[in-house]
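The exercises below are meant to be worked through with the sequence and the 3D view side by side. Try each task before reading its solution.

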Amino acid sequence: YPPDYATSLRLFGSQPPVFRPLADVLGNREKHTEFETKAYNVSCCLDPLCCTSKTLELGPDEATFTRVAGITQTKIIEKRPYAQIDSVTPVNTCGCCWSLFAGELTGLQPIQPRTGCDGGYVEEIR
């Protein structure tokens with residue numbers, strides 16, 4: 001909305017009405033905030049021992065979770081639009097250890113970055 005000029009001509013003939021933008025009709029003049037893409041190293045401190053690395057990239061429209069695993073360096077990339085991530089929940093798993101569950105993106109295995117004791121980093125990602 002509004003329809004393009006060709007559609008207006010087809011529907012209304014040679015004198016199409018002037019359409020106001022939908023934001024004017026609804027009275028919503030707030031601008032959409034576009035966020036920058038941020039990438040986080042979410043590898044656990046034990047991942048390098050298994051030749052594994054994990055990266056979480058938060059883009060304007062979707063989150064991308066990349067795992068590079070094993071000696072063969074197999075890359076597994078999972079992308080999810082934010083609308084498909086039902087919740088993002090930081091969880092205190094034990095004492096000072098923090099994990100991050102992100103619905104379908106992380107599945108049953110949470111993200112536990114660094115040594116797991118950096119609650120501030122987990123909250124920044126959230």
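**Exercise 1.** In this predicted model, find where Gln73 sits and decide whether Gln73 is buried, partly exposed or exposed.

*Solution.* Begin with the chain position: Gln73 lies in the loop that runs between β3 (62-69) and β4. Next, take the relative accessible area, which is 45% for Gln73. Buried would require under 20% and exposed over 50%, so Gln73 is partly exposed. Finally, look at the backbone, where the phi of Gln73 is positive, about 55°, although Gln73 is not a glycine.

**Exercise 2.** Find the other loop residue treated here, Cys51, and state what phi value its backbone has.

*Solution.* Cys51 belongs to the loop between β1 and β2. The phi of Cys51 is near 55°, which is a positive value in a residue other than glycine. With a relative accessibility of 36%, Cys51 counts as partly exposed.

**Exercise 3.** Work out in what order the strands of the open sheet are arranged, and which of them are edge strands.

*Solution.* Four strands make up the open sheet, and following them across gives the order β1-β2-β3-β4, with antiparallel pairing. The edge strands are β1 (38-41) and β4, each of which pairs on one side only. On average, and with direction ignored, neighbouring strands of this sheet are turned by 15° against each other. As a closer look at one pairing, β1 and strand β2 (residues 53-58) run antiparallel and are joined by four bridges; across this pairing, Lys38 stands opposite Leu58 in β2.

**Exercise 4.** Describe the surroundings of Glu78, and decide whether Glu78 is buried or exposed.

*Solution.* First place the residue: Glu78 is part of strand β4, which covers residues 74-81. Its relative accessible area is 17%, and since the cut-off for buried is under 20%, Glu78 is buried. Then list the contacts: leaving aside residues up to four places away in sequence, Glu78 touches Ala63, Thr64, Phe65, Arg67, Glu104 and Leu105. With Arg67, the side chain of Glu78 also forms a polar contact of 2.3 Å.

**Exercise 5.** Search the whole structure for aromatic pairs and say how many there are.

*Solution.* The search finds one aromatic pair. This pair consists of Phe12 and Phe19, lies 6.1 Å centre to centre, and is tilted, with 55° between the planes. As for accessibility, Phe12 is partly exposed at 44%, and Phe19 is partly exposed at 27%.

Definitions and conventions: Residues numbered from 1 in each chain as written. Predicted model: local features only at pLDDT ≥ 70, side-chain atom pairs only at ≥ 80, totals over all residues. Heavy atoms only, no water. Helix = DSSP H or I, 4+ residues; strand = E, 2+ residues; numbered from the N terminus. Buried < 20%, exposed > 50% of the residue type's maximum accessible area, 1.4 Å probe, protein only. Polar contact = N/O pair within 3.5 Å; in protein donor to acceptor, adjacent residues only side chain to side chain. Contact = heavy atoms within 4.5 Å. Phe/Tyr/Trp six-rings, centres within 6.5 Å; stacked < 30°, edge-to-face > 60°. Pairing = 2+ DSSP bridges. Axes fitted to C-alpha atoms, helices over the stretch in contact; angles between N-to-C directions.
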